[in-house]
Amino acid sequence: MSSLDPVLLSRMLTGLTLFVHIIFASIGVGVPLMIALAEWRGLRTNDIHYTLLARRWARGFVITVAVGVVTGTSIGLQLSLLWPMFMRVAGQAIALPLFMETFAFFVEAIFLGIYLYTWDRFKKKYTHMLLLIPVALGSSASAIFITTVNSFMNQPQGFTLINGIMKDIHPIAAMLNPATPTKVSHVLASSYTLSAGILAGIAAFSLLRGRNHVYYKKALKLTTVCALVFAVSTVMIGDSSGKFLAKYQPEKLAAAEWHFKTMTKAPLVYGGILDENNEVKYAIEIPYALSILAGNRPDTEVKGLEEFPADLRPPLSIHYMFDLKVTTGVIILLIPVLYVFRRWLPGRKPYPKWLLLGIVLLGPLAMIAIELGWMFAEVGRQPWILRGYMKVSEAATTSSSVGWMLVLFILLYLILCFSAIRVLSKLFRNKEAEKELESLGLEGGIVH
Amino acid sequence: MSFEIAGIAILWTFLFGYLIVASIDFGAGFFSFYSILTGHENKIHNIIQRYLSPVWEVTNVFLIFFVVGLVGFYPDSAFYYGTALLVPGSLAIVLLAIRGVYYAYNTYGNNGQNSRIYMALYGATGLLIPAVFSTILAISEGGIIEQVGDQVFFRWREFLTNPYTWSVVLLALVSVLYISAMFLSYYAKRAEDETAFEVLREYALLWSLPTIFASFLAFLQINKQNPAHFEQMLNISWMFIASFICFVIAVSLVWKRKYLGWCFIAVMLQFAFAWYGYGRSHLPYILYPYINIYDSFTNKTMGIALITAFSLGLLVLIPSLVLIMKLFLFDANYVRGNAGKKKG
């Protein structure tokens with residue numbers, strides 16, 4: 001018993017930390033890009049509105065970075081504290097990307113510090129904007145490196161395991177495993193979507209509150225169009241992730257689709273529930289769709305769950321996560337599409353209320369999609385921690401104190417998130433953009 | 001130099017970097033809070049804030065770098081330290097989290113107003129974190145982490161009743177305040193802020209004697225804890241003597257209010273000699289007697305890859321660090337608080 005309980009509790013604690021970290025990390029990856037875009041537009045068109053946009057985003061961004069840094073520190077240390085056996089074995093193969101991630105983080109941290117304190121400090125105005133390039137590169141690079149570690153756990157390669165010790169290791173091959181391309185690009189694209197979505201939501205929220213300054217309209221346009229571009233790429237990459245699963249992790253795809261028998265012309269099961277005999281009920285079946293998802297042709301053979309031993313099958317509940325994630329993804333794509341075509345919609349209003357409400361929801365929906373996507377990816381490779389090599393139950397700590405630590409961290413994260421939301425909303429409520437514009441205009445500050 | 005030695009030298013150097021920047025940071029947090037309590041707020045608070053704001057995030061990375069590097073170069077350390085340190089490690093994470101987040105909340109989220117609660121959290125964690133981290137030094141001497149069969153245990157009683165534990169905690173506390181006050185004196189002098197300088201100089205002098213006293217105490221306790229280690233320390237006793245000489249130089253310079261830049265370099269040398277002397281005599285063990293750098297080193301391919309990545313990383317890191325120092329430490333205008341008024 002003493003070795004089983006810590007396993008479950010360690011899973012819960014790791015899941016909790018990642019649950020919190022993922023949101024702030026995704027914001028950390030995407031927002032610098034958006035700030036750079038706004039500042040660049042502001043400089044190029046000599047439009048103070050965009051410059052102010054960049055400033056205000058940057059101010060809020062620091063708060064989210066702080067939470068991202070501390071939860072990232074948590075997960076970095078918890079990797080060894082909760083999964084010592086895993087790190088002892090796999091540390092031989094994944095040390096390189098972990099190490100590189102800290103370097104990328106270093107660069108990001110240094111240049112973010114510089115960026116925040118050097119508005120108005122350089123003679124050439126573009127210099128300040130250029131400081132964001134290492135910030136954005138650093139945050140995206142750390143996302144890339146850390147995702148290669150996760151890809152490696154899904155699709156391990158580049159070593160041979162002899163008596164529980166990794167030999168003959170190729171660190172680069174381990175990083176560039178078959179899961180890496182789809183995972184990395186999906187993570188990046190969805191982070192950009194989330195960030196653009198949240199910022200679009202802020203602009204839409206201000207418009208909904210009756211603030212009609214052109215500043216908000218410009219903000220809305222910039223962010224919603226970005227959200228559209230990023231959402232399209234996220235969905236397209238998601239499709240290739242499906243093809244990746246069919247080829248390399250068929251048991252995950254089969255469990256996600258409740259696909260039990262191997263067959264060609266496989267239908268896609270959407271929604272529904274599973275009864276005690278594993279019969280699918282109330283589901284929508286789309287003929288051939290699964291085969292097309294897996295290989296672009298209706299006669300692609302899709303492996304069924306029956307081909308895998310029962311104790312190596314992922315839990316069937318991942319079906320719900322998969323369906324919800326895909327549904328949310330489609331909604332996220334549709335909202336900005338409607339925004340782009342809003343002038344042709346019934347009513348022909350420039351800013352229909354329901355559309356603004358939809359845009360406010362973009363951020364939260366993207367958060368939900370990202371959480372579901374990660375849960376699907378992680379729960380979907382149960383029972384493995386290192387797929388095909390090491391089970392989760394062999395990797396966890398044996399300490400008896402994990403339960404208390406779980407309580408401690410639940411409290412910590414609740415306090416952190418609650419206060420982050422409070423501080424962020426206070427930050428913007430106390431200083432409205434109109435007033436800030438006015439004071440800048442009166443001072444003749446950054447723009448002549 | 002062998003890979004094993006190169007690996008530990010890299011990690012030890014980063015830990016030294018953390019020791020210096022984090023001490024400044026932790027001590028500054030405490031002084032900042034203390035200055036609010038005693039009504040000295042307007043005297044030194046601004047100078048502290050001006051230094052801390054651009055660098056707080058960087059400090060954290062030094063620590064993560066060390067932990068990731070340690071596990072990367074010596075995967076066994078994840079097994080022993082990871083299993084045994086779940087509770088103290090988690091507490092350290094919580095303290096770091098509270099400190100990092102509330103610093104940001106106070107600085108960026110409060111519209112320029114200092115919240116007493118945030119400042120108190122910030123000041124208190126600034127002293128607790130070094131105390132928690134320093135105990136790892138005590139643990140690494142052996143006798144606290146024990147392996148029985150496949151299981152690794154943390155002996156709380158041995159840990160808490162060990163005089164060496166408490167002497168390193170004491171050393172950590174006073175040296176944080178000493179390093180920080182020394183640095184901030186230098187920084188205040190550069191900013192030509194005489195009032196702040198006088199306050200901080202007093203702090204620096206106040207904490208100098210306890211620091212050297214605690215160092216001797218910890219030095220003597222190692223003898224009881226791990227005589228073999230102590231013997232090796234005696235073999236390189238010149239390093240500890242050099243450390244003491246640097247201490248004397250630093251204190252006399254700050255006493256005379258002269259050459260504050262050299263004074264802080266002497267402080268860094270004082271700790272560098274002690275730090276590398278301690279580290280060198282600790283070798284080959286990372287955790288006595290379970291992890292030594294030769295048996296636990298990662299496979300050779302990964303060793304080469306890590307050292308290559310490290311060398312390439314330095315090519316980016318060093319210019320970046322130089323840039324941030326140039327902009328915020330050695331830019332006279334920024335240090336005096338005039339940066340924003342310099343318009344093009």
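Which backbone nitrogen does the side chain of A:His21 reach? Keep that question in mind while the two chains are brought into view, and bear in mind throughout that this is a predicted model.

**Chain A as a whole**

Select chain A to begin with, and colour it by secondary structure, which will show 15 helices and 8 strands. Its radius of gyration is 24 Å, close to the 22 Å that the globule rule gives for 448 residues, so chain A is as compact as a globular protein of that length. If you turn the chain along its principal axes, the C-alpha trace spans about 70 × 50 × 40 Å. Of the 448 residues, 56% count as buried, and among contacts between residues at least 6 apart in sequence, 77% join residues at least 24 apart. Switching to a surface view displays about 19300 Å² exposed by chain A, with carbon and sulfur atoms supplying 66% of it. Colouring by charge picks out 41 positive and 28 negative side chains, and the centres of these two sets lie 11 Å apart.

**A:His21 on helix H1**

Now select A:His21, which you will find in helix H1 (residues 4-45) of chain A. This histidine is buried, with a relative accessible area of 16%. Show its surroundings and, leaving aside neighbours within four places in sequence, you will see it in contact with A:Gly68, A:Thr71, A:Gly72 and A:Ile75. The opening question is settled here, since the side chain of A:His21 reaches the backbone nitrogen of A:Gly72 at 3.3 Å. For a sense of scale, draw a C-alpha to C-alpha distance from A:His21 to A:Leu137: the two are 116 residues apart in sequence and 19 Å apart in space.

**The loop after H1**

Moving to the loop between H1 and helix H2 (48-82) of chain A, select A:Asn46. This residue has a positive phi of about 55 degrees although it is not a glycine, and at 53% relative accessibility it counts as exposed.

**Helix H9 and A:Trp258**

Next select helix H9 (residues 250-257) of chain A, where 8 of the 8 residues are buried, so the helix is largely enclosed by the rest of the structure. Among these buried residues are A:Glu251, A:Lys252 and A:Glu257. What do the buried residues of H9(A) pack against? Displaying their neighbours brings up helix H5 (132-154), helix H8 (214-248), strand S3 (268-270), helix H10 (289-295), helix H11 (318-340) and helix H12 (353-379) of chain A.

Step on to A:Trp258, which follows H9(A) and lies in the loop between H9 and S3. A:Trp258 also has a positive phi, of about 50 degrees, although it is not a glycine. Is A:Trp258 buried or exposed? With a relative accessible area of 4%, A:Trp258 is buried.

**A cis peptide bond**

Go next to the loop between H12 and strand S7 (384-386) of chain A, where A:Pro383 is found. The peptide bond leading into this proline from A:Gln382 is cis, with omega near 5 degrees.

**Chain B**

Finally, select chain B, which has 13 helices and 4 strands. A compact globule of 344 residues would have a radius of gyration near 20 Å, and the 21 Å of chain B agrees with this. Its C-alpha atoms fill a box of roughly 65 × 40 × 40 Å along the principal axes, and 60% of its residues count as buried. The accessible surface of chain B comes to about 14000 Å², of which 67% belongs to carbon and sulfur atoms. Chain B carries 20 positive and 17 negative side chains, with the centres of the two sets 13 Å apart.

Key: Residues are numbered from 1 along each chain as its sequence is written. Chains are lettered from A and ligands numbered from 1 in the order in which they are written. This is a predicted model: local features need pLDDT of at least 70, side-chain atom pairs count only at pLDDT 80 or more; totals for chains, interfaces and linings use all residues. Side-chain values use heavy atoms; hydrogens and water are left out. Helices (H or I, at least four residues) and strands (E, at least two) are DSSP runs, numbered from the N terminus. Buried means under 20% relative accessible area, exposed over 50%, partly exposed in between (1.4 Å probe, protein chains only). Contact means heavy atoms within 4.5 Å. A polar contact is a pair of N or O atoms within 3.5 Å; within protein, one must be able to donate a hydrogen and the other to accept it, and residues adjacent in sequence count only if both atoms are side-chain atoms. The radius of gyration is taken over C-alpha atoms; the globule rule is 2.2 Å times the number of residues to the power 0.38. Accessible areas come from the Shrake-Rupley method with a 1.4 Å probe; for residues, only the protein chains shown count as cover. Lys and Arg count as positive and Asp and Glu as negative; His and the chain ends are not counted. The place of a charge is taken as NZ of Lys, CZ of Arg, CG of Asp or CD of Glu.
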